[in-house]
Amino acid sequence: MDIIISNTSKDPIYQQIIKQIKELVLKGELLEGDSLPSIRQLAKDLQVSVITTKRAYEELENEGFIVSIVGKGSFIASQNQELLKERRLKIIEEKICEIIEESKLIHFSKEELIELINILYGDDLE
């Protein structure tokens, strides 16, 4: 499991950890039952405070992404596939909104944007 902490990110370190673990789960790279490094080990690997990794794990557990078992460690929780799909759709919607706003700034029409999407998606009719 590769987590990269960026000193230039505006997100706090614990949120960077949370975001990257969620992405690994959503991409299917971390599956139900996979074990995570201990809080201490992750802190050591990332060269951050144990308090930081503890906070990240607690939030991931509160959101249902991981389960922690005393004496055994933390593991990826069973994920509701419909809920995972809904979370991914929300991310897509947010990105599309950003693209639309950027398109409007340069007066790129909806039709031009749809054409670009079709080309990039591979549905070019030519």
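Start by selecting Lys10, Lys19, Lys27, Arg88 and Lys95, which form a positive surface patch. Patch members have over 30% relative accessible area and no salt bridge, with like charges joined within 9 Å and nonpolar side chains (Val, Leu, Ile, Met, Phe, Trp, Tyr) within 5 Å. Lys and Arg count as positive, Asp and Glu as negative, and His and the chain ends are not counted. A charge is placed at NZ of Lys, CZ of Arg, CG of Asp or CD of Glu. Areas are from the Shrake-Rupley method with a 1.4 Å probe, and for residues only the protein chains shown count as cover.

This is a predicted model, in which local features need pLDDT of at least 70 and side-chain atom pairs count only at pLDDT 80 or more, while totals for chains, interfaces and linings use all residues. Residues are numbered from 1 along each chain as its sequence is written, and side-chain values use heavy atoms, with hydrogens and water left out.

Within the patch, pick Lys19, found in helix H1 (residues 13–26). Lys19 has a relative accessible area of 46% and is therefore partly exposed (buried is under 20%, exposed over 50%, partly exposed in between, with a 1.4 Å probe and protein chains only).

Stay on helix H1 and select Lys22. Its salt-bridge partner is Glu63, with the closest N and O atoms 2.4 Å apart. Glu63 sits in the loop between helix H3 (50–62) and strand S1 (66–69), so the pair ties helix H1 to a part 41 residues away in sequence. A salt bridge here is a side-chain nitrogen of Lys or Arg within 4 Å of a carboxyl oxygen of Asp or Glu. Both ends are partly exposed: Lys22 at 21% relative accessibility, Glu63 at 35%.

The whole structure has 4 salt bridges. For another one, move to helix H3 and show Lys54 and Glu58, whose side chains meet at 2.4 Å, N to O. These two are 4 residues apart in the helix, about one helical turn. Lys54 is partly exposed at 41%, and Glu58 is partly exposed at 39%.

Then add Arg55 and Glu59, which form a salt bridge at 3.6 Å, N to O. This pair also lies in helix H3, 4 residues apart, about one turn. The relative accessible area is 41% for Arg55 and 27% for Glu59.

Next select Leu89, Ile92, Ile96 and Ile100, which make a nonpolar surface patch of about 300 Å². Ile100 belongs to helix H4 (residues 81–105) and is partly exposed, with a relative accessible area of 32%.

Go on to Leu120 in helix H5 (residues 110–121). Leu120 is exposed, at 67% relative accessible area. Draw a distance from its C-alpha atom to that of Gly28: the two residues are 92 apart along the chain, and the separation is 24 Å.

Finally, show the cartoon of the protein. There are 5 helices and 2 strands, in the order α-α-α-β-β-α-α along the sequence. The radius of gyration is 19 Å, well over the 14 Å that the globule rule gives for 126 residues, so the protein is more spread out than a compact globule. That radius is taken over C-alpha atoms, and the rule is 2.2 Å times the number of residues to the power 0.38. Helices (H or I, at least four residues) and strands (E, at least two) are DSSP runs, numbered from the N terminus. The C-alpha trace spans about 60 × 35 × 25 Å along its principal axes. Of the 126 residues, 25% count as buried.
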